[in-house]
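Student: I'd like to take a close look at a single part of this structure. Could you walk me through one helix and its surroundings?

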Amino acid sequence: MLFNLLNKIDQRIGITEASAHCDVPCGIYDPMPAQIAALSVLRFLHQATELKGDSLDDRAKLVRVVQMKEEHAEKVKHEIRIIWGDYIKGDILENNPEFTDLTHNIMLAGSACKQNMAVENGEKLVDLVNKFAEKFWATKKVGTYRAICPYEPKVETVYPKLD
């Protein structure tokens, strides 16, 4: 009820919607959401290739898988843009200029994952986001290790060593 009232007021006044990760800024940045989204993209690509496409159910599932793949590819791009734009600046960028090319390559790989169904593009996205995570944690002087993630797609993933 309160939502409906506020919605009607909003429609009359025309309040502009705002969205931001954190413009305060909060100072909390972590590449893990991007990593999970990249792993999800790869998993959705695997699921799509496993479908036979013969039944109406398979075709319906394919539509859902493609939609989710594209949403998660966009989430990767969003999460990386936030870290690159809000955290990687000043001395961090000066001391790690490769972040710019790496970020750009992630944007391209994310777009490639949205444009087609090639599993190789998903693998490349995961690889690039893992490299980004390693470099990110290095800026915080936190070591990393690689391990196979405990869920599908069961590929090597970068994790911070939190002692």
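Tutor: Happy to! Let's take helix H5 and its partner H3, which pack at an angle of about 165° with their axes 8 Å apart. Since that angle is over 145 degrees, H3 counts as roughly antiparallel to H5. The crossing in which H3 passes H5 is left-handed. Please keep in mind that this is a predicted model.

On the H3 side, the contact is made by Lys69, Glu70, Ala73, Glu74, Val76, Lys77, Ile80, Arg81 and Trp84. They meet Phe99, Thr100, Thr103, Ile106, Met107, Gly110, Ser111, Cys113 and Lys114 in H5. Sorted by character, the residues of this contact comprise 8 nonpolar, 4 polar and 6 charged.

Now for H5 by itself. The helix covers residues 98–115, 18 residues in total, and spans 26 Å from its first C-alpha to its last, close to the 26 Å expected at 1.5 Å a residue. Its buried residues are Phe99, Leu102, Thr103, Ile106, Met107, Ala109, Gly110, Ala112 and Cys113. A general point helps in reading such a list: an α-helix has 3.6 residues a turn, so residues three or four places apart point the same way.

What lies over those buried positions? The cover includes helix H3 (56–87), along with helix H2 (32–50), helix H4 (90–95) and helix H6 (119–139). Phe99, Thr103, Ile106, Met107, Gly110 and Cys113 are among the buried residues of H5, and these six names also appear on the H5 side of the contact with H3.

Note on methods. Residues numbered from 1 in each chain as written. Predicted model: local features only at pLDDT ≥ 70, side-chain atom pairs only at ≥ 80, totals over all residues. Heavy atoms only, no water. Helix = DSSP H or I, 4+ residues; strand = E, 2+ residues; numbered from the N terminus. Expected span 1.5 Å × (residues − 1). Buried < 20%, exposed > 50% of the residue type's maximum accessible area, 1.4 Å probe, protein only. Contact = heavy atoms within 4.5 Å. Axes fitted to C-alpha atoms, helices over the stretch in contact; angles between N-to-C directions. Parallel < 35°, antiparallel > 145°, perpendicular 65-115°, else oblique. Left-handed = near helix turned anticlockwise from the far one by under 90°. Nonpolar A, V, L, I, M, F, W, Y, C, P; charged D, E, K, R; others polar.
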